[in-house]
Every structure is written in structure tokens, then in C-alpha cells.
Amino acid sequence: MTATTIEICAPSYRSLYLWDSKGDSEPGWPVHIGDGASYAQAELYDLDNDGKLEIGFASCPNSRAQVLMFRYDGTNQPGWPNYITPAQPYVCPVGGAMNEDTTDISIFSGGHQIGGIGFYGWFSNGSTMPGWPVAPDFLECSPVVFDMDGRVVMIASNTTPGELYAYDVEGTLVEGFPFSTPGAALPNSPSIADVDDDDTVEIGLFTSDGSVSLWKVQDERWYPEYATWPTWFHDNWHTGWLHPQAVTGLLAERGNPGVRLTWNKNPEPDLAGYFVYRIGVSGKFEKLYSGPWPDTTFHDTTATGDTNWGFRVTAAIKAGNEGFPSQSVMFNPMGLEETPSAEVRTTKSLPTLVRGMLFLPRSENGDCPASNSMRCSEGLSPVFAQPALLNAVGRKVMSLLPGPNDVSSLAPGVYFVTVHGSRSTVHVRKVVVQR
């Protein structure tokens, strides 16, 4: 079972089956689990990054509830199974990346527990995540994993009226949760999307009273590239498969005019194409087109001038989901070179990093790196946004001010400084934090 083949996985009362595209059983299958019906379905992910998918399944053989994890050949994945509170498992074992490492997958599942701790989080090696398990009541619903000012796991209860819960990576309830829903969630999932194209998170849920509720999460930007499991069975095709993979091999070169980008082709058989993101005036990575782009080459003719432009690329499947973004790349079409030193790599003389302090000059090319409330003493109009420090995948790490900024607590790695100019321009510079 790999990311390039089509196979079918399904459970029975006692066993789990895996067939190839012709209907023949794959070697090592079926796996006989034991008597104990499960209302969950199998889910797919690559936990150990070997290019082959693992199959997660919640079952209750002989009244011993557990989450099992099988390798492609039907053997147990090391560190699994994991036993859960003795209760019928309805909760599908969902996978999601809870940090910036796109290969570090966590698994979330649980049982039909009433009034107790029944919702679990495990690392890919089967060890329990700190702060987990947690205690939303009476679960038949399956979780979703997405970004809401940080990664969250969301699940709804089967009580009437029900409740919608959201937990962070440490198992702590997100502020504002839980809140009431009109009815029980049943075997179902919330769905997370930007329904009205206003760049804001919306949450949809069908409940036992026959209604569909839609809530808007105010001031929470929608990041489709960080919604690793946004709906029931992962996507609108209900594949139950955590994909696509993050794009690899992104390179930038002079486009004459602009910047030419190339990257490696993704292996998924249901791949729809790619989205190219570029740092915009907002200081965030923004899509350059509605896409998806069908090729692994993209020529941005608008990225011109003596500016370091930041890019990243995501893959998209035909069911609509995006994968995690590639590593970001920076490119200056004018061909300015980076000047490395023992503690810093930067372009020109803009941000300077020395002994844990990032020094941001007052101006660049006549523009003021200051907040909206400040104006240039030279009489220029106000800048558009406060300068910021972004990590390698474009997430904001901290706001910056002219002068020294303490970055000594940051992990070593590549970061980007965004400075917004007074002429609807954005300047981006790369710095490398070292120990």
C-alpha cells in the first residue's frame, strides 16, 4: 500500500480486509482481529515516513477496546495497538500534524465513554501525548485537525443538546470551547472550511435534530494548507487517507522578467495540481491564483525589482484538500548575493542578527519599518503593517520594531523579516538564527 496505488480497505465484524484494484487480497490480508463489532472505519497515513501507508482501526475484540495500527503487510506497527477505556469505539482514528514538522503525525481516537476520560492522543510511535487523554462526554463523532491560531483537534459529543470541543496540542481546551450544539453529533464529524470566501474559519456540523449548523470563528484566518484532516474521512471523496504530501524540491531562479519556480512532482494518483503562495502586502503568504496549477513549473512575471520575494508551494488533491506547504524559498530577481558570516546570513544591510539580537534599521528604500500608528519623519504616508518575523513555512513568530529585537529564545533555523513599505510594497529578507 503506497501513495501511488489504488487499494480498498474495509472491516467486518471480526476482520480487516485489504484488496488491490482488481479485488484480490493483498499479501498478509485479511487480518483477523476477533469478535467485536466496530462502528469506526479504517484510516490511512504514513506514520514512519517510509513511503508505505499504515492502517489505523478502532475495534473492541472480546470487549477489549483498542486502536490498532497495521503495516502494509498486515503486521502490527511498532508501538501499537493502544488500549482505551472499555467502551464501544465509534471514533475513527484520525491523523494530523500538530506542529511544523509535516512528517510528525499524531493519532486521535476514543470510545463511547459516558462521564469519563475517553478521547486519546498518541504520537506516531504509539506513546501518549502529554496532556492526553481528555474528557469530552459520550463520543460517537470523529475528530478533525486544522489550524486556528495554532493546531487544534475538534470533536462533538453525542449528548442532546450536544457540545463542540476544541483542544490544542497539549490537550487544553481552546478558549471559547466547548459550546452547545442543537443535537447529538452521532457517527459524524465537524467540517472545517471557508464557506463564504472571506478568509475566515467556518465550522459546519449536522446533528440528530436534522439541522445543519454553521458557525464563523471571528478573527481566525482560514489556512487550507494547515487543515490536515478537515472533515469526515478526511476529504469530500471520503478516502480516509491523510494526503497529499508536502511539496519537495522547490527552487527559484531568474525568470527574465520575474521569478521562475520549479519543484518535484507529487506521487498521489488523485493529484489535482499545485498552489503557489507568495508573501504579500499583508505580510502573509497569499495564493497567486485560484488554481490548482497543473505543472511543476511556474513563472511569476510580477515578482520584479530589487526585492527578495518569498514563495512556497502546496499540492492539492481532486477532492479539494491541500497538503502542507513546501519549505519557503527567497529570490531577488536583481541577483543580489547573500553574505554569510559566523552568526548571520542576510541580504544588503537591512536586518542584522548579532548575539541573539535582531537589529531592524529604521528605513529601507525610503519606507519606514514601523507600526500603522507611526509615520515617517520624512513625510511619507503610513506603512501598511508592522514588520514581522516569519518561520520557514511562513507562520508569524513575532512582531518587530525598529532597533534591537530579542530573538535569543528562538530555535535555530531560517527566518524571514517582512517590512511593508509606504508604496504598497513589501520587502522580505532572510536571516539564519544559529547557536
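The lining of the largest cavity mixes residue classes: four are nonpolar, six polar and one charged. In total, 11 residues line this cavity. Nearest its centre lie Ser12, Tyr13, Gly36, Phe57 and Ser59. The volume is about 30 Å³. The structure holds one cavity of 30 Å³ or more. Rolling a probe the size of a water molecule over the atoms shows where empty space is left. The model is a predicted one, and the totals for linings use all residues.

Turn next to strand E12, residues 151-156. Is this strand enclosed by the rest of the structure, or open to the outside? Six of its six residues are buried, so E12 is largely enclosed by the rest of the structure. Buried here means under 20% relative accessible area. Both faces of the strand are covered. On one side, Arg151, Val153 and Ile155 are buried. On the other side, Val152, Met154 and Ala156 are buried too.

Strand E12 has partners on either side of it in sequence. Strand E11 (residues 144-147) runs antiparallel to E12, and four bridges join the two. Within this pairing, valine 144 has methionine 154 of E12 as its bridge partner. E11 and E12 form a hairpin, with three residues between them. Aspartate 149 sits in that turn and has a positive phi of about 55 degrees.

The next pairing is with strand E13, residues 162-167. Four bridges join E12 to E13, and the two run antiparallel. Here methionine 154 stands opposite alanine 166. Methionine 154 thus appears in both pairings, as the partner of valine 144 and opposite alanine 166. E12 and E13 also form a hairpin, with five residues between them.

Further along the chain is an open sheet. Which strands form it, and in what order? Four strands take part, in the order E21-E20-E23-E24, and the pairing is antiparallel. Strand E21 (285-287) and strand E24 (329-331) are the edges, each pairing on one side only. Neighbouring strands of this sheet are turned by 35 degrees against each other on average, with direction ignored.

One edge can be followed residue by residue. Strand E23 covers residues 309-317 and pairs with E24 over three bridges, in the antiparallel sense. Tryptophan 309 has phenylalanine 331 in E24 as its bridge partner. Phenylalanine 331 therefore belongs to an edge strand, as E24 (329-331) pairs on one side only.

How values were computed: Residues numbered from 1 in each chain as written. Predicted model: local features only at pLDDT ≥ 70, side-chain atom pairs only at ≥ 80, totals over all residues. Heavy atoms only, no water. 1 Å grid on protein atoms, 1.4 Å probe; cavity = no way out; pocket = protein on both sides within 12 Å on 5 of 7 lines; lining within 4 Å. Points joined across faces, edges and corners; volume = space filled by probe spheres on them. Nonpolar A, V, L, I, M, F, W, Y, C, P; charged D, E, K, R; others polar. Pairing = 2+ DSSP bridges. Axes fitted to C-alpha atoms, helices over the stretch in contact; angles between N-to-C directions. Buried < 20%, exposed > 50% of the residue type's maximum accessible area, 1.4 Å probe, protein only.
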